[in-house]
Amino acid sequence: MKLRAALLLGASGLVGGFCLRALLEDPAYGRVTLLGRRELTVPAHPKLTQKAVSFANLSAADFADTDDFFCALGTTIRKAGSQDAFRRIDFEYPLAAAKQALNAGAKQCILVSSVGADARSKNFYLRTKGELEQAVGALGFQAVHIFRPSLLLGKREEFRIGERVASVIAPALNLALLGGLRRYRAISAATVGQAMVTAASRDGQGIKIYEYDQIVQLAL
């Protein structure tokens, strides 16, 4: 059986790091390429290749021989510094990368979005996420897997007081989120990362959206 080749954007982030780990552990993948503004300090692995690129100047050559394109690239408006900078990182760069991956022959796109993403939302963050979902979904991939987690649980390199407080009360809060509110339950970034790789292994056709329950089920 031919081994698959994955390319990952956003490996330095919380979900991206766990997605990378899952890809390296999955025997179905023979090659995992990281694209980033700089190479990450991670343990060497026979499957792993890193390439430093400018997200503003990507080409199809950067995505050569890729089967599955994984995108966990993202930031916050506070960290980006402005809405324009946030949109560049969370919309323009992922969309440009998805286009080049498709041009290079990738069949699938596995994209991290957000619960509540909606291109018609009045909330800038959720509207941007929804617009990215729509734009990537219209490109023509064989399959697009969109992940919409709520609060992500896990240890980040940077300290975020709001997330730290929320993570403490998340177990109790999750129990209170029932029915249609289950989609807003906090979820481990490790669970999301594993679910992304599992979804890609199932191939499929069209656009698939995963929220809390679907993500947890995929990661089992």
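## A tour from T75 through the parallel strands

Select T75 to begin: its relative accessibility is 12%, under the 20% cut-off, so T75 counts as buried. The model on screen is a predicted one. T75 sits in the loop between β4 (68-71) and α2 (77-80). Now show what T75 touches. Setting aside neighbours within four places in sequence, T75 is in contact with A80, F86, I89, D90 and Y125.

**Zoom out: the whole chain**

Display everything as a cartoon. The protein has seven helices and nine strands. Its radius of gyration is 17 Å, close to the 17 Å of the globule rule for 220 residues, so the protein is as compact as a globular protein of that length. Along the principal axes, the C-alpha trace spans about 45 × 40 × 35 Å.

Switch on a surface. The accessible surface comes to about 11100 Å². Carbon and sulfur atoms hold 53% of that surface. Of the 220 residues, 45% count as buried.

Next, think about contacts. Take those in the protein with a separation of 6 or more. Residues 24 or more positions apart account for 69% of them.

Colour by charge. There are 28 positive and 19 negative charges in the protein. The mean positions of the two sets are 3 Å apart.

**Select β5, residues 108-112**

Strand β5 covers residues 108-112. Is β5 enclosed or open? Five of its five residues are buried, so β5 is largely enclosed by the rest of the structure.

Show the side chains. In a regular strand, side chains alternate between the two faces of the sheet. On one side of β5 are Q108, I110 and V112. On the other are C109 and L111. Both faces are covered, and these residues are all buried.

**Add β6, residues 143-147**

Which way does β6 run relative to β5? The two strands pair in the parallel sense, over five bridges. Pick out I110, which stands opposite H145 in β6. Then pick C109, whose bridge partner in β6 is V144.

β6 is covered as well. Five of its five residues are buried, so the rest of the structure largely encloses β6. Look at the side chains again. A143, H145 and F147 point one way from β6. V144 and I146 point the other way. All of them are buried.

**Add β4, residues 68-71**

β4 is the strand that comes before the T75 loop. How many bridges join β4 to β5? Four do, and the two strands run parallel. Select C71 to see one match across the pair: C71 stands opposite L111 in β5.

**Step back to D65**

Move to the loop between β3 (48-52) and β4, where D65 is found. Check the backbone there. Phi of D65 is near 60 degrees, a positive value in a residue other than glycine. Then turn the surface back on. D65 has a relative accessible area of 60%, over the 50% cut-off, so D65 is exposed.

**Select L7 in β1**

L7 is found in strand β1, which covers residues 4-9. Buried or exposed? L7 is buried, with a relative accessible area of 1%.

Expand the selection to its contacts. Not counting residues up to four places away in sequence, L7 touches T33, L35, D62, F63, T66, D68, F69 and F70. Set a distance from L7 to L153. The pair is 146 residues apart in sequence and 24 Å apart in space, C-alpha to C-alpha.

**Cross to β2, residues 29-36**

β1 and β2 pair in the parallel sense over six bridges. Select L9, which stands opposite L35 in β2. L35 was also in the L7 contact list.

How covered is β2? Mostly: six of its eight residues are buried.

**Last stop: G30**

G30 lies in strand β2, residues 29-36. Its relative accessibility is 32%, between the 20% and 50% cut-offs, so G30 counts as partly exposed. Beyond neighbours within four places in sequence, G30 is in contact with L3, R4 and K47.

Finish with one distance, from G30 to R4. The two are 26 residues apart in sequence. In space, their C-alpha atoms are 5.8 Å apart.

Methods:
Residues are numbered from 1 along each chain as its sequence is written. This is a predicted model: local features need pLDDT of at least 70, side-chain atom pairs count only at pLDDT 80 or more; totals for chains, interfaces and linings use all residues. Side-chain values use heavy atoms; hydrogens and water are left out. The radius of gyration is taken over C-alpha atoms; the globule rule is 2.2 Å times the number of residues to the power 0.38. Buried means under 20% relative accessible area, exposed over 50%, partly exposed in between (1.4 Å probe, protein chains only). Contact means heavy atoms within 4.5 Å. Accessible areas come from the Shrake-Rupley method with a 1.4 Å probe; for residues, only the protein chains shown count as cover. Lys and Arg count as positive and Asp and Glu as negative; His and the chain ends are not counted. The place of a charge is taken as NZ of Lys, CZ of Arg, CG of Asp or CD of Glu. Two strands pair if DSSP finds at least two bridges between them.
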